[in-house]
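Trainee: I have a new structure to read, and I would like to go through it with you. Can we take it step by step?

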Amino acid sequence: MSNTQEQGTVAETINQKLTESFSPTHLEVLNESHRHHVPPNSETHFKVVVVSDEFEGLRLLARHRLVNNCLANELANGVHALSIHTFTQSEWAADVEVPKTPNCRG
């Protein structure tokens with residue numbers, strides 16, 4: 001299942017790369033740039049929620065490193081912030097709550 005909101009070129013690329021790398025059972029790519037002081041239609045701040053069996057047995061830091069490595073090109077070329085939320089299928093089935101993004105302070 002994939003959910004990309006406010007889909008643009010960068011969001012589509014993130015969605016595609018995460019899908020290819022992790023075969024997620026649930027994927028959300030949320031462009032949260034509008035919550036920050038950036039020009040309209042920016043694609044600089046994202047939140048991703050990835051549920052995948054690939055995370056089984058991995059600690060949070062290892063999971064985040066995998067996602068960061070997958071999206072290294074985007075992070076080096078315009079994506080300023082990436083909020084990462086990774087879950088195994090069993091964690092997701094336990095009805096976890098994804099933290100809400102706080103308002104921008106800048």
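**Helix 1 and its surroundings**

Mentor: Start with helix 1 of this predicted model. Its residues A11, I14, N15, L18 and F22 are buried.

Trainee: Where on helix 1 do the buried residues lie?

Mentor: Look down the axis of helix 1. The buried residues fall within an arc of 100°. They therefore line one face of the helix.

Trainee: Which residues are exposed on the other side of helix 1?

Mentor: Turn away from the buried face. On that other side, the exposed residues are T9 and E20.

Trainee: How far does helix 1 reach from its first C-alpha to its last?

Mentor: Helix 1 has 14 residues. At 1.5 Å a residue, a span of 20 Å is expected. The model comes close to that, with a reach of 20 Å.

Trainee: Which residues of the largest nonpolar core touch the most other members?

Mentor: In general, nonpolar side chains tend to be buried together in soluble globular proteins. The largest nonpolar core here has 16 residues. Those touching the most other members are L18, V29, V48 and V67.

Trainee: Which element supplies the largest share of this core?

Mentor: Helix 1, strand 2, strand 3, helix 2 and strand 4 each supply at least two residues. The largest share is four residues, and it comes from helix 1.

Trainee: Take V67. Which residues is V67 in contact with, leaving aside its neighbours within four places in sequence?

Mentor: V67 is one of the core residues that touch the most other members. With those sequence neighbours left aside, its contacts are L18, F22, V48, F55, L82, I84 and T86.

Trainee: Is S52 buried or exposed?

Mentor: S52 lies in the loop between strand 3 and helix 2. Its relative accessible area is 1%. The cut-off for buried is under 20%. So S52 is buried.

Trainee: What lies 2.6 Å from a polar atom of the side chain of S52?

Mentor: Check the contacts of S52 outside its neighbours within four places in sequence. They include F22, S23 and P24. The partner at 2.6 Å is the backbone oxygen of F22.

Trainee: How many residues apart in sequence are the parts that E74 and K17 tie together?

Mentor: The structure holds two salt bridges. E74 forms one with K17, and the closest N and O atoms are 3.0 Å apart. E74 lies in helix 3 and K17 in helix 1, so the pair ties together parts separated in sequence by 57 residues.

Trainee: Which residue forms a salt bridge with E91?

Mentor: E91 is partly exposed, with a relative accessible area of 30%. Its partner counts as buried, at 7% relative accessibility. The closest N and O atoms are 2.9 Å apart, and the partner is R63.

Trainee: What is the phi of S23 near?

Mentor: Most residues other than glycine have a negative phi. S23 sits in the loop between helix 1 and strand 2. S23 is exposed, with a relative accessible area of 57%. Its phi is positive, near 40°.

Trainee: What is the phi of D95 near?

Mentor: D95 is found in the segment after helix 4. At 68% relative accessibility, D95 counts as exposed. D95 is a residue other than glycine, yet its phi is positive, near 60°.

Methods. Residues numbered from 1 in each chain as written. Predicted model: local features only at pLDDT ≥ 70, side-chain atom pairs only at ≥ 80, totals over all residues. Heavy atoms only, no water. Buried < 20%, exposed > 50% of the residue type's maximum accessible area, 1.4 Å probe, protein only. Polar contact = N/O pair within 3.5 Å; in protein donor to acceptor, adjacent residues only side chain to side chain. Contact = heavy atoms within 4.5 Å. Core = buried A, V, L, I, M, F, W, Y, C linked by side-chain atoms within 4.5 Å. Expected span 1.5 Å × (residues − 1). Arc of directions from axis to C-beta. Salt bridge = Lys/Arg side-chain N within 4 Å of Asp/Glu carboxyl O.
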